[in-house]
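Q: Please take one helix of this protein and describe it closely, together with its surroundings. Set it in the context of the whole chain before going into detail.

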Amino acid sequence: MVFIQATPLPLPPSADASKFTEFGREIKGVNPADLTPDEFIQIQELLYKHSALLFRDVSMTPEQQYALTKAFDPESESYGHGNNKTGSTKKSILHPDLKTIPRVPQVQLIGNGVVYDHEGLAEAKLKHPHHKTFHKTRIPEEDDLKFTRFYRWHIDAALYDLSPPRVTTLYALKVPRGENQTLRYDDGTGDELDVPLGTTAFVSGKTMFDILPAELKSLAVRTKVRYAPHPYVWMSNAHAIPTGLGLETEGLELPLSELPEWDESKIKVFPMLWKNPVTGELHYQVHPAGVSELLVDPLPEGAKREGALYPDGAKLTDLKQVRELLYKMQRPAIAPQLVYPHDWSEKDLVLFHNRGVLHTVVGAFAPDQVRAFHQCNLAASDDPVGPSHEDLLKWA
Ligand SMILES: [Fe+2]
């Protein structure tokens with residue numbers, strides 16, 4: 001039996017420690033690039049329990065990173081968005097952000113600045129996504145680099161045809177040092193968050209569910225989310241709201257007739273809540289930008305109708321209404337005290353439970369600040385599991 005040490009992640013002063021008792025562990029005592037089957041089983045359990053695992057000072061090839069990621073879902077093979085799919089779908093908003101490692105197409109090089117002679121890529125021009133390219137409003141030029149925003153809260157998932165990856169691995173190779181930035185929510189609340197330069201921010205989908213009032217828990221446990229076909233193409237002309245937690249409703253989504261060929265059977269309809277395979281807890285897992293409709297089931301027999309939302313069920317197709325409802329349910333969980341902004345060091349490896357957290361790119365870099373990460377996730381061999389009948393009776 002190996003001794004794997006798992007200690008809580010260091011939290012920033014902004015975090016409410018009482019909400020992070022189970023979230024995040026730093027792992028010592030094993031080499032994640034070369035786990036034995038026994039060690040892997042323990043790591044897998046720790047990941048599903050704690051949502052994010054950090055290993056420091058890791059040396060890992062793209063092949064090893066792919067092997068580790070695949071171990072969580074041995075039947076999975078292609079990158080979360082399909083191998084090279086982002087290249088062929090030129091209109092997709094993900095297209096400029098991803099460069100594939102030629103030897104291991106499931107591993108992507110992401111970051112900022114120009115990287116030379118990197119794992120078979122002679123020259124890769126990387127661009128850290130900046131909110132000005134996606135948000136409707138922006139931080140004024142003179143404040144940029146001092147202030148920043150959450151870019152886009154999301155789950156790593158194609159949300160069409162392919163199933164959402166179980167795990168994403170993020171490996172930091174080059175991390176530019178620099179001053180912390182102040183993240184602004186710019187949503188009228190005055191909320192701000194001090195963040196390390198180029199942080200990746202995480203929130204727990206379990207906490208997102210746990211802190212909802214009873215009537216929204218009842219709605220969540222009864223609701224399914226329908227995503228648009230080719231959602232990243234569909235939303236390619238749309239703008240995000242200032243918190244990066246969804247889109248403005250301006251009628252800019254592409255009409256379905258203008259999308260690349262699509263098939264009704266490949267459209268994704270997922271439960272709003274995904275059941276954790278180890279703890280059985282429910283995680284609120286919705287990628288707000290890609291949603292087109294909400295399908296609400298009626299209350300189960302015997303449930304209390306008083307105060308219930310949509311007690312007889314509903315199909316919500318008005319985008320503005322859909323987005324407002326999602327925002328009301330998700331915004332509380334991205335409050336400053338509930339965000340874990342990871343402070344990257346070179347050779348950090350972070351594994352996160354992609355079906356248990358939401359995450360976002362953060363920060364703004366100057367063009368000469370070179371950042372290089374390897375990212376891997378794999379379209380899963382199955383779709384996430386929703387609430388059980390017992391969950392429904394408990395929460396509806
Ligand atoms: Fe991501």
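A: What follows goes from the whole protein to helix α1 and then to the domain contact.

This is a predicted model, in which local features need pLDDT of at least 70 and side-chain atom pairs count only at pLDDT 80 or more, while totals for chains, interfaces and linings use all residues. Residues are numbered from 1 along each chain as its sequence is written.

The protein has 8 helices and 21 strands (DSSP runs numbered from the N terminus: H or I of at least four residues for helices, E of at least two for strands). Its radius of gyration is 20 Å, close to the 21 Å from the globule rule for 396 residues, so the protein is as compact as a globular protein of that length; the radius is taken over C-alpha atoms, and the rule is 2.2 Å times the number of residues to the power 0.38. Of the 396 residues, 46% are buried. Buried means that 20 or more other C-beta atoms lie within 10 Å of a residue's own, exposed that 12 or fewer do, and partly exposed is in between, with C-beta atoms placed from the backbone.

Helix α1 covers residues 37-50, 14 residues in total, and spans 20 Å from its first C-alpha to its last, close to the expected 20 Å at 1.5 Å a residue (the expected span is 1.5 Å times one less than the number of residues). Its buried residues are I43, Q44, L47 and H50. They lie on the same side of α1, because they cover an arc of only 155° around the axis; the arc is that of the directions from the helix axis to the C-beta atoms. An α-helix has 3.6 residues a turn, so residues three or four places apart point the same way. P37, D38 and I41, on the other side of α1, are exposed.

The buried residues of α1 pack against β2 (25-28), β3 (52-55), β8 (167-174) and β19 (349-353), a contact being two C-beta atoms, placed from the backbone, within 7 Å. After α1 comes S51, with a positive phi near 75°.

The domain assignment gives domain 1 (5-203 + 344-377) and domain 2 (207-332 + 390-395), with bounds from an automatic or database assignment. The contact between domain 1 and domain 2 takes 32 residues from domain 1 and 33 residues from domain 2. On the side of domain 1 that touches domain 2, α1 provides the largest share, 3 residues.
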